[in-house]
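Grab a pencil and get ready to work through a protein model one small step at a time. Try each exercise before you read its solution.

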Amino acid sequence: MAKSPGENGPRSPAAGGTLSGTRESLAPGPDAAATDELSSLGSDSEANGFAERRIDKFGFIVGSQGAEGALEEVPLEVLRQRESKWLDMLNNWDKWMAKKHKKIRLRCQKGIPPSLRGRAWQYLSGGKVKLQQNPGKFDELDMSPGDPKWLDVIERDLHRQFPFHEMFVSRGGHGQQDLFRVLKAYTLYRPEEGYCQAQAPIAAVLLMHMPAEQAFWCLVQICEKYLPGYYSEKLEAIQLDGEILFSLLQKVSPVAYKHLSRQKIDPLLYMTEWFMCAFARTLPWSSVLRVWDMFFCEGVKIIFRVGLVLLKHALGSPEKLKACQGQYETIERLRSLSPKIMQEAFLVQEVIELPVTERQIEREHLIQLRRWQETRGELQCCSPPRLHGAKAILEAEPGPWPTLQPSPSIRLPPNAPLPGSKGKPKLPKQIQKEQQKQKTSGQLEKTPTPDQAKGAIAGGDACPPQDVPPKDPVHQDPALQDSAPQVSTHHCSQESLTSQESEDTYL
């Protein structure tokens, strides 16, 4: 994960010659396909159609990483109920984050519906707020030429990012163009940090779920809030977290800890790619998505838990260590993990049940930082403090920030029942009380009092006084009726997506 241009491997043929920092520079030349078959498996139309290739539900060519492992299929009815509840959360995000964060965490652990995953990641990471706070910033960066030093390195890495995914299979296709734009924009946004190879797969995963501008701001949040310092020049933060992981392993799996200590294997040899790429290059794709769902909600502790679970089940028993007598065999075991321990259902359950908290990670961080300062001196990279998950990011965001105003992707007609529910949706108790008061007041004011009748006759005007507006909509002027709020019908259409209060369990 080096950052210097000379350490990024052999250069793939550049079809457009020298880069100018624009997406046109990635357009394939006439001999691009013949020159590099691996990075260019077809034209844009072929990449979008795949007439001769089968694509799985994640967008990978069948037989590649996306097709590995047993998939946990969710029944369609349950998936629709989850989508409805996630729509309610996203349309009322500020309220849910303030009062029902535990429910959000539970639903992230159960898995975000695929149709809403990209939108949910933006809300969890704070990328949505960041975009609203910086309108037009990405377009400004996108139109800038960029630093040639980083543009050359980024262009070399494009064809290596998920080459068997339909978005990135074609040299100079839309996926590679957007990836180039996002990574280039980040080097301009944080010129002191520049570009690190491990940022490319992170950005590629984001682009699979959202447009380039949204992916850019989610990448900013990952680099600045979730994993600060990971992609700096000296990689000091990842070295510290390697020591933290190794120390936590002593409590989680003493057998694995003793074996790695005896073999004198530095944590950087096996955990660097795990942590810097958030396991995007390690796990089957269904497991990657579930890990990222929890990571965006709960923060870096999920990355630590996944690493500890893999180490525990790969090296945590004497039987498993019989084939790992030396350093080479041990590292090979960690590089080629058993598919069983990476399977979605097994891994997610183990991660949820592992008792490793933010407090333990921060306490160990202080211990390792003190040891670092005693042996190596002060850190050269002064990165901002790490924030553990969506709630911490929301609370640390400097105010005032705009209230999120999402446009619902699904609209239900008035009085329409929710999918999977029976009958009409119940209005909140407060709305029911307001409607009851209006009915009662309307009945009382249909007949005027004697004093009101006398005043109206004496004044020669049958209209009520101006300072006391009529409460009965039946006797109002038609123009006033049009401007008056329609509580019953309009509120039903707004509340048609709200979660039912009687449902405490989440399917």
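Below are some exercises, each with a worked solution.

**Before you start.** This is a predicted model, in which local features need pLDDT of at least 70, side-chain atom pairs count only at pLDDT 80 or more, and totals for chains, interfaces and linings use all residues. Residues are numbered from 1 along each chain as its sequence is written, and side-chain values use heavy atoms, with hydrogens and water left out.

**Exercise 1. Describe the chain as a whole.**

Step 1: Start with the secondary structure, which comes to 27 helices and 0 strands. Helices here are DSSP runs of H or I with at least four residues, strands are runs of E with at least two, and numbering goes from the N terminus.

Step 2: Now look at burial: of the 507 residues, 47% count as buried. Buried means under 20% relative accessible area, with a 1.4 Å probe and protein chains only.

Step 3: Finish with contacts, meaning heavy atoms within 4.5 Å. Take the contacts between residues at least 6 apart in sequence: 77% of them join residues at least 24 apart.

**Exercise 2. Check the span of helix H3, then find what its buried residues pack against.**

Step 1: H3 covers residues 76-91, which is 16 residues. The expected span is 1.5 Å times one less than the number of residues.

Step 2: That rule gives 22 Å for H3, and the end C-alpha atoms are 22 Å apart, so the two agree.

Step 3: The buried residues of H3 include Trp-86, Leu-87, Met-89 and Leu-90. Charged names turn up too, among them Arg-82, Glu-83, Lys-85 and Asp-88.

Step 4: The packing partners of these buried residues are helix H4 (93-99), helix H5 (101-110) and helix H6 (117-125).

**Exercise 3. Is Ser-125 buried or exposed, and what does its side chain reach?**

Step 1: Place the residue: Ser-125 lies in helix H6.

Step 2: Its relative accessible area is 0%, so Ser-125 is buried.

Step 3: The Ser-125 side chain reaches the backbone oxygen of Trp-121 at 2.9 Å. A polar contact is a pair of N or O atoms within 3.5 Å; within protein, one must be able to donate a hydrogen and the other to accept it, and residues adjacent in sequence count only if both atoms are side-chain atoms.

Step 4: Leave out residues up to four places away in sequence, and Ser-125 touches Cys-218, Gln-221, Tyr-226, Phe-296 and Ile-393.

**Exercise 4. Work out how helix H9 sits against helix H10.**

Step 1: The axes of H9 (residues 148-157) and H10 (residues 174-189) come within 10 Å and cross at roughly 150°. Axes are lines fitted to C-alpha atoms, for helices over the stretch in contact, and angles run from 0 to 180 degrees between N-to-C directions.

Step 2: That makes H9 roughly antiparallel to H10, a label for angles over 145 degrees.

Step 3: Who meets whom? Trp-150, Leu-151 and Ile-154 in H9 meet Phe-180, Leu-183, Lys-184 and Thr-187 in H10.

Step 4: H9 is mostly covered, with 7 of its 10 residues buried, and those buried residues pack against H10.

Step 5: Check the start of H9, where a side-chain oxygen of Asp-147 reaches to within 3.0 Å of the backbone nitrogen of Lys-149.

**Exercise 5. Do the same for helices H13 and H15.**

Step 1: H13 (residues 236-252) and H15 (residues 268-276) pack at an angle of about 110°, with axes 10 Å apart.

Step 2: That makes H13 roughly perpendicular to H15, a label for angles of 65 to 115 degrees.

Step 3: The residues that meet include Ile-238, Leu-245 and Phe-246 in H13, and Leu-268, Tyr-270 and Phe-275 in H15.

**Exercise 6. Explore the loops on either side of this pair.**

Step 1: Leu-227 is found in the loop between helix H12 (212-226) and H13. Leu-227 is buried, at 1% relative accessible area.

Step 2: Beyond its neighbours within four places in sequence, Leu-227 is in contact with Ile-222, Phe-275, Phe-295 and Val-300.

Step 3: Compare sequence and space: Leu-227 and Pro-384 are 157 residues apart in sequence, and their C-alpha atoms are 9.6 Å apart.

Step 4: Leu-235 is found in the loop between H12 and H13 as well. Its phi is near 55°, a positive value in a residue other than glycine. Most residues other than glycine have a negative phi.

Step 5: Ala-278, in the loop between H15 and helix H16 (285-298), has a positive phi near 50°. Ala-278 is buried, at 1% relative accessible area.

Note on methods:
Buried means under 20% relative accessible area, exposed over 50%, partly exposed in between (1.4 Å probe, protein chains only). Angles under 35 degrees count as roughly parallel, over 145 as roughly antiparallel, 65 to 115 as roughly perpendicular and the rest as oblique.
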